[in-house]
Each structure stands twice: as C-alpha cells, then as structure tokens.
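I opened this notebook to keep track of what I looked up in one protein model, going from the overall layout to single contacts. The entries follow the order in which I checked things.

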Amino acid sequence: MSAIRSLMTLAFLAVLGLAACAPIERNHGYVPPDLELAQVVPGQTTMDDLPGLIGRPSAQGLLTGSGWYYVGSRWSRFGPAAAREIDRKVVAISFAPTGVVSNVETFGLERGRVVSLSRRVTDGSVTDISFIGQLLGNLGNFQAGDFIE
C-alpha cells in the first residue's frame, strides 16, 4: 500500500511540475479590433470622432494633430528565461491639417522587422506642387527603412 501511495505522490508531483513549465503570455497596450477600425474612413472621419469610435491612442505625434498611434504587443515567458516579444501590432492614424483622417496604416512584427500589414490612404492631389518642386522636395528625403535589407 505504501508503494502505491509513493507512486501516486510521485505522479502527482510530476504532473504539477510539468504544469508549472507552461509558458506565460501577457498582453501589453491596446490596438482596436479590425471591426472598429473599419469604421474609420479616411477623408470623412475627424479627430474628434475617433475617441468614440476606437478609443484614445497609446501615443500621439510630437506635433499637434500629426498622428495617433495604437500599440499592442504579446510577450511570452517560459520558466526562468527572460520574456520575449512574440507579436506586435501598431496602428498609425495620420491627419490632414483640417483634422480629418488622411491615412490608416497597420504594422506588424515578423522575424524582428516591422512590416506594413494594411494601408488606407485618401487620394491626394499632386497638382498643387510643380514638377520641379516635386523633384527638389525629394532630395535628402531618406528613411531608415531604405537602408535596412
């Protein structure tokens, strides 16, 4: 009888030990669901409409009205190892000077690189700038992503 009790205790401790090694996942930040993001229409939705539709942003651009950013990430921790980020989603909403949404972009994290998942942009007019102005405006206009392979 004592051998059976010892075997049962050992089996219970083994199951309890294996359950303790399950990964622990945590979510940080807030990204509106796709259903709510579909309500944001570039060219029609205003900055004042957004808090009621999708909530306040995690971060805002440095300039007033330059953009709203919703950032959410998922972290996983397994045992004593350090937590690592397994998923990230960023929604960037840009505004025209009039306060109307001009662009909605969604970025993800794949293999450690930021990847554009979706992009909705209003039709812009390039007739306001002359051809020479467009050429000169692009000189020195580099982004960090241009240098990363």
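**Entry 1: a first position in the sheet.** I began with a single pair of residues, and I noted that Gly67 stands opposite Ser94 in β4. I keep in mind throughout that this is a predicted model.

**Entry 2: overall layout.** I then stepped back to the chain as a whole and counted four helices and six strands in the protein chain. Reading along the sequence, I wrote down the pattern α-β-α-α-β-β-β-β-β-α. I also looked up the burial total, and found that 19% of the 149 residues of the protein chain count as buried.

**Entry 3: strand pairing around β3.** I went through the partners of β3 in turn, starting with β1, which runs antiparallel to β3 and is joined to it by six bridges. Within this pairing I looked up two positions: Glu25 has Ser76 in β3 as its bridge partner, and Arg26 has Trp75 in β3 as its bridge partner. When I checked how well β1 is covered, I found that it is hardly covered, since zero of its six residues count as buried.

The next partner I looked at was strand β2, residues 59-60, which pairs with β3 in the antiparallel sense over two bridges. Here I noted that the bridge partner of Gln60 in β3 is Trp68.

The pairing of β3 with β4 is also antiparallel, and I found ten bridges there. The two strands form a hairpin with six residues between them, and in the turn I noted Gly79, which has a positive phi of about 60 degrees.

**Entry 4: Ser76 and Arg84.** Ser76 came up a second time when I followed β3 towards β4, because there I wanted its partner on that side: which residue of β4 is the bridge partner of Ser76? I found Arg84, whereas in the pairing of β1 with β3 Ser76 is the bridge partner of Glu25. Arg84 has its place in strand β4, and with a relative accessibility of 55% I take it as exposed, because the cut-off for exposed is over 50%. I also looked up a distance from this residue, and noted that the C-alpha atoms of Arg84 and Arg74, which are ten residues apart along the chain, are separated by 8.6 Å.

**Entry 5: the nonpolar core.** I listed the members of the largest nonpolar core, which has twelve residues in all: Val31, Leu37, Val40, Leu50, Ile54, Trp68, Tyr70, Val91, Ile93, Phe95, Val101 and Val104. Sorting them by element, I saw that β3, β4 and β5 each supply at least two residues of this core, and that β4 gives the most to it, with three residues. As background I added that in soluble globular proteins nonpolar side chains tend to be buried together. Trp68, which I had already met as the bridge partner of Gln60, is one of the core residues.

**Entry 6: two polar side chains in β5.** I next asked about Glu105, which lies in strand β5, residues 101-110: is it buried or exposed? At 12% relative accessibility Glu105 counts as buried, because the cut-off for buried is under 20%. Asn103 also has its place in strand β5, and with a relative accessible area of 9% it is buried. I then looked for a contact between these two, and found that the side chains of Asn103 and Glu105 are joined by a polar contact of 3.4 Å.

**Entry 7: the largest pocket.** I looked up the volume and found about 150 Å³ of space in the largest pocket. Its lining is made by Asn27, His28, Gly29, Tyr30, Val31, Gly72, Ser73, Arg74, Asp87, Arg88 and Lys89, and the elements that give two or more residues to it are β1 (24-29), β3 (67-77) and β4 (84-95). By class I noted two nonpolar, five polar and four charged residues in this lining. Val31 appears here and also in the largest nonpolar core, while Arg74, from the distance in Entry 4, is among the lining residues too.

**Entry 8: a contact from the pocket lining.** Finally I followed Lys89, a lining residue of the largest pocket, and found that a polar contact of 3.4 Å joins its side chain to that of Asp34. Asp34 has its place in helix α2, residues 34-37, and at 55% relative accessibility Asp34 counts as exposed.

Terms used. Residues numbered from 1 in each chain as written. Predicted model: local features only at pLDDT ≥ 70, side-chain atom pairs only at ≥ 80, totals over all residues. Heavy atoms only, no water. 1 Å grid on protein atoms, 1.4 Å probe; cavity = no way out; pocket = protein on both sides within 12 Å on 5 of 7 lines; lining within 4 Å. Points joined across faces, edges and corners; volume = space filled by probe spheres on them. Nonpolar A, V, L, I, M, F, W, Y, C, P; charged D, E, K, R; others polar. Buried < 20%, exposed > 50% of the residue type's maximum accessible area, 1.4 Å probe, protein only. Pairing = 2+ DSSP bridges. Core = buried A, V, L, I, M, F, W, Y, C linked by side-chain atoms within 4.5 Å. Polar contact = N/O pair within 3.5 Å; in protein donor to acceptor, adjacent residues only side chain to side chain.
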